[in-house]
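This report walks through a two-chain model. Keep the sequence and the coordinates at hand while reading.

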Amino acid sequence: MNSRYIFSNNRYMLKYSIIISFLSIINFSVSAQSVEIIDVEDMESIIHEKTGKTRVINFWATWCKPCIEELPYFEAVNQSSEFEDIEVILISLDFAEDIDTKVKKYIEKKSLTSTVKLLDNVDYNSWIDKVDPSWSGAIPATLVVNNSVNKRIFFEKQFEESELQNVLKNFEKEINQTNR
Amino acid sequence: MKILFGLLIVLFTTPLMNPDNTTGYEVGDYVDDFSLKNVDGKMVSMAEYKEAEGFIISFTCNTCPYSVMYEQRIIDLDKKYASKGYPLIAINPNDPKKNPGDSFDKMVERASDKNYPFPYLIDESQEVTRNFGATNTPHMFIVQNDGGKYRVAYIGTIDNNPKAADKATKHFIDDAMDDILSGKKVEVSKTKAVGCSIKWKSTS
């Protein structure tokens, strides 16, 4: 009696788990990327976390033309095997209410695979200096950081593809040299 | 002589090589007057305003979503402070080749559609923008008339909520103007503004 109950229960579980995994596949294909809404504390931990990897943190927004122009170069870094030790995190400064209509829509259109987060805080003076004191507030802006070796460079500019690649190659080269 | 020559090279080449990295004016600096074309076709300079105690200068444009969100607040600043001796002057710093929506014709349209009560000037050479050290739009400067010379009293943003004026909890320009109008030193004289980077002309 008892064992039959467990048996049938397992069969149900199997059936449900098949349905659930099927649903999650559908769900995955509908929204390929999730965008987490973060606050300033989350952003600070992204900047300061010691992961052993180099992080490229790019501040952008869908309304910012130069940001959109350079975004494919960051996506290319994220996908390139040459930069496999580099983690790209795109922090959107779009408004939180535009997350579905603008941010996710853009990500899907461009099939971005990089991690995208949306920083929901418009009181810019309360956090701009935490990214870098030299940042005026204009975007695009990019922070390249490796906390395991305490190395960081900040850029308030729009990148060309070769330029971004060179910056990252040099950054990694210098890290390898200091590690030796 | 060699040192002097070297210095001259540095002086003349640095601003050309680094158009978007000039430091610009700081609070307390005297600024150069300018003469820029207004949407009515006439040239405007600060010296023409004989009665002005100072100016609120706004580097802003037609196209940047932050400029658009702040547009009404910029209009309101002029309405509030022009009568108190601080008229607002708006300057569009963007290269229209990079941003066709910021062309002179589009500026004329915008100023007339929105009934701008202030001059809306085009900085074609981008020299004024570079001298001020404006980096994004909207970027605000308050200058005070100091015996015919103009001195920077505030640099930064308008308030701490671009999305909704009524949700702002810090009003930087208003606070700075309160200090100025009551003869005090501006307490918060420098803030940062997130906005659209200025579209500089290509150097080549």
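## A crossover in chain B

Which handedness does the β-α-β unit made by strand 4, helix 2 and strand 5 of chain B have? The unit is right-handed. Its helix spans residues 65–81 of chain B. Note that the model is a predicted one.

Strand 4 of chain B has two pairing partners to examine. With strand 5 (residues 88–92) of chain B, the strands run parallel and 4 bridges join them. Here B:Ile56 stands opposite B:Leu88. With strand 8 (residues 139–146) of chain B, the sense is antiparallel, over 6 bridges. In that pairing B:His139 is the bridge partner of B:Phe59. Strands of a sheet pair through backbone hydrogen bonds, in either the parallel or the antiparallel way.

## Burial of strand 4, chain B

Strand 4 of chain B covers residues 54–59, and 6 of its 6 residues are buried. Side chains in a regular strand alternate between the two faces of the sheet. On one side sit B:Gly54, B:Ile56 and B:Ser58, buried. On the other sit B:Phe55, B:Ile57 and B:Phe59, also buried. Both faces of the strand are thus covered.

## The nonpolar core

Which residues have the most contacts inside the largest nonpolar core? They are A:Ile139, B:Ile56 and B:Phe141. That core has 83 residues. In soluble globular proteins, nonpolar side chains tend to be buried together.

A:Ile139 has partners in both chains. Leaving aside neighbours within four places in sequence, its contacts in chain A are A:Phe59, A:Trp60, A:Ala61, A:Cys64, A:Cys67 and A:Leu93. From chain B, A:Ile139 is in contact with B:Val194 and B:Ser197.

## Chain A: overall layout

Chain A holds 6 helices and 7 strands. Along the sequence they follow the pattern α-β-α-β-α-β-α-β-α-β-β-β-α. Chain A has 180 residues, and 27% of them count as buried. Take the contacts in chain A with a separation of 6 or more: 74% join residues 24 or more positions apart.

## The sheet of chain A

In which order do the 6 strands of the open sheet in chain A lie? The order is 1-4-3-2-6-7, and the pairing is mixed. At the edges are strand 1 (35–38) and strand 7 (151–155) of chain A, each paired on one side only. Neighbouring strands of this sheet are turned by 20° against each other on average, direction ignored.

Strand 6 (residues 141–146) of chain A runs antiparallel to strand 7 of chain A, and 5 bridges join the two. Within this pair, A:Val145 stands opposite A:Arg152. Helix 4 (residues 99–109) of chain A packs on the sheet. This helix touches strand 1, strand 3 (86–92) and strand 4 (115–119) of chain A. Its direction makes about 130° with that of strand 1 of chain A.

## Where the chains meet

Chain B gives 14 residues to the contact, and chain A gives 14 residues. On the chain B side, strand 10 (residues 195–197) supplies the largest share, 3 residues. That side divides into 5 nonpolar, 7 polar and 2 charged residues.

Strand pairing also crosses between the chains. Strand 5 (residues 138–139) of chain A and strand 10 of chain B run parallel, joined by 2 bridges. A:Ala138 stands opposite B:Gly195 there.

## Two loop residues in chain B

Is B:Lys163 buried or exposed? B:Lys163 is exposed, because 12 other C-beta atoms lie within 10 Å. This lysine is in the loop between strand 9 (149–156) and helix 5 (172–181) of chain B. Neighbours within four places in sequence aside, B:Lys163 is in contact with A:Phe95, A:Val122 and B:Met69. B:Met69 is 94 residues apart from B:Lys163 along the chain, yet their C-alpha atoms are separated by 6.5 Å.

B:Pro119 lies in another loop, between helix 3 (104–113) and strand 6 (120–122) of chain B. B:Pro119 is buried, because 21 other C-beta atoms lie within 10 Å. Not counting residues up to four places away in sequence, B:Pro119 touches B:Asn38, B:Val44, B:Ile89 and B:Ala90. The C-alpha atoms of B:Pro119 and B:Lys37 are separated by 9.1 Å, with the two residues 82 apart along the chain.

Key:
Residues are numbered from 1 along each chain as its sequence is written. Chains are lettered from A and ligands numbered from 1 in the order in which they are written. This is a predicted model: local features need pLDDT of at least 70, side-chain atom pairs count only at pLDDT 80 or more; totals for chains, interfaces and linings use all residues. Two strands pair if DSSP finds at least two bridges between them. Axes are lines fitted to C-alpha atoms, for helices over the stretch in contact, and angles run from 0 to 180 degrees between N-to-C directions. Two residues are in contact if their C-beta atoms, placed from the backbone, lie within 7 Å. A residue is buried if 20 or more other C-beta atoms lie within 10 Å of its own, exposed if 12 or fewer, and partly exposed in between; C-beta atoms are placed from the backbone. A crossover is right-handed if, with the strands pointing away from the viewer, the path from the first strand over the helix to the second runs clockwise. A nonpolar core is a set of buried Ala, Val, Leu, Ile, Met, Phe, Trp, Tyr and Cys residues joined through C-beta atoms within 7 Å. Ala, Val, Leu, Ile, Met, Phe, Trp, Tyr, Cys and Pro count as nonpolar, Asp, Glu, Lys and Arg as charged, and the others, Gly among them, as polar.
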